[in-house]
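Here is a brief report on selected strands and a helix. Please have the sequence and coordinates open while reading.

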Amino acid sequence: MASSAVQVPRSASSKTESYIDNKRKEDIRQANIVAARAVADAVRTSLGPKGMDKMISTASGEVIITNDGATILNKMEVLQPAAKMLVELSKSQDVVAGDGTTTVVVIAGALLKQCLSLLNSGIHPTVISDSLHKASLKAVDVLTAMAVPVELSDRDSLVKSASTSLNSKVVSQYSTLLAPLAVDAVLSVVDPEKPDMVDLRDVKIVKKLGGTVDDTELVKGLVFDKKVSHSAGGPTRVENAKIAVIQFQISPPKTDIEQSIVVSDYTQMDRILKEERNYILSMIKKIKATGCNVLLIQKSILRDAVTDLSLHYLAKAKILVIKDVERDEIEFITKTLNCLPIANIEHFRSEKLGYADLVEEVSLGDGKIVKITGIKDMGRTTTVLVRGSNQLVIDEADRSLHDALCVVRCLVNKGFLIAGGGAPEIELSRQLGAWAKVLQGMESYCVRSFAEALEVIPYTLAENAGLNPIAIVTELRNRHAQGEINAGINVRKGQITNILEENVVQPLLVSTSAISLATECVRMILKIDDIVTVR
């Protein structure tokens, strides 16, 4: 009796516990995957050299034409939380490698598609996630085994990989010009002491409307997108320049608090004006005494950095003035000129000046720029002057150049090249497929579907080039099975060739980070089983 009394509640409790409604969790997971795949499909068409460009129209009416995955996703307004993760994914690829921002999203989308079918087969998300992790580690090993080492002195290889990156951009027809330019820019800022630390902030890109992209040039020195202050007829060209970067104002002092001074008679007025004049003159004499003849004046928020009177006296002293230099440019300028910013007139000494052979104003297009060349003891920086016929082209050239610079930086950090054109992905797919046969149980299924998912890259490349994707991918598999590791899609000829010989190469870091970041993102999306909104 007693025993049965004990059993009844247990059976009742087991009944209440056994039935758990999994429907909602599956729905949420499904919704997350569908939303994330929608984002991936949006950028899929812009993959590869024959990929389409996207025209993005922002709320403010600004129009951007771009092919860069990170830019497209950045400007998209994505509301679904899981889809936002893909946007973050392409941002992180942009930070790590700089190139391959579209690839990483496309791979993530393909993996999610495979995960959906695995989930529908009833495999637990955790199992899928663990197998994905194992497979991605294996994939990185396979890629590293395929890679070809490259030396920094081998300029041709660096230029090849930069031009591969540029070929999928809007400005691809100028890749012969921009690729060597990007290589030279990075090599000129590499510090031989710390070769793996390349700071791309040392490459300053100045955009100027007018001309064509062909007129883009690398300037050993500084370029300011500003005119010299002409108002008082000062010099516009100075040779053997001694340059000071000042952070104080050459104008009569103001009171610290807002107040008005009432002057009743004219003699007092004259005294005030005379004092102002003397104050400015004494400053300019101190500047002139050090032999300085070019002044870069930081933008001021307190009061006018220069007044008409001070410009007049500076012009008489034959000093060239560039005013309104932005505060965040000061660090770059002082690093380039190898000088120190001067924060107070009392500290104005000749050892704080920078020296250059020539400072001159040049007319470009509809505006003017100031060039400083022949800098003595120049810091490890460089300036790229980007030209273009309209603003859209210039902005896109700037983004493409940034990608090319990042590619060269990857090679400087980790000197390995790998074939492009879908070759590494097919090879990975083949080797992981073979590995899946060795594994047991569920893992084998998951790794196999991971291997299938990687075929999306060559498939999409072929599809965007207007080739027959199924025939191309089948032929590719066949070639790789026969041991041609570097066989890839030659989009220009529309057939399969040895891609390394065609000079289609990319840094190893781009491929490895794309695969590891994509799997990481997919694993995160898989692990989510509920979305809780907090009001």
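Asn338 comes directly after helix H11 and has a positive phi, near 60°. The model is predicted. H11 covers residues 330-337, and 6 of its 8 residues are buried, so the helix is largely enclosed by the rest of the structure. The buried residues are Ile330, Phe332, Ile333, Thr334, Thr336 and Leu337.

Strand S8 (residues 294-298) is also enclosed. Here 5 of the 5 residues are buried, so the rest of the structure largely surrounds the strand. Side chains in a regular strand alternate between the two sheet faces. In S8, Val294, Leu296 and Gln298 lie on one side and are buried. Leu295 and Ile297 lie on the other side, and they are buried too.

S8 pairs with strand S7 (residues 237-246) in the parallel sense. Val245 stands opposite Leu296 of S8. S8 also runs parallel to strand S9 (residues 320-325). In that pair, Val294 faces Leu320 of S9. From S8 the chain passes through helix H10 (residues 308-316) to S9, a right-handed β-α-β crossover.

A separate topic is the open sheet of 3 strands, ordered S3-S14-S17 with antiparallel pairing. S3 (148-149) and S17 (505-507) stand at the edges with a single partner strand each, so one side of each has no neighbour in the sheet. S14 spans residues 416-419. Within the S3 pairing, Val148 has Leu417 of S14 as its bridge partner.

The bridge counts are listed below.

| Strand pair | Sense | Bridges |
|---|---|---|
| S7 and S8 | parallel | 4 bridges |
| S8 and S9 | parallel | 4 bridges |
| S3 and S14 | antiparallel | 2 bridges |

Notes: Residues are numbered from 1 along each chain as its sequence is written. This is a predicted model: local features need pLDDT of at least 70, side-chain atom pairs count only at pLDDT 80 or more; totals for chains, interfaces and linings use all residues. Side-chain values use heavy atoms; hydrogens and water are left out. Buried means under 20% relative accessible area, exposed over 50%, partly exposed in between (1.4 Å probe, protein chains only). Two strands pair if DSSP finds at least two bridges between them. A crossover is right-handed if, with the strands pointing away from the viewer, the path from the first strand over the helix to the second runs clockwise.
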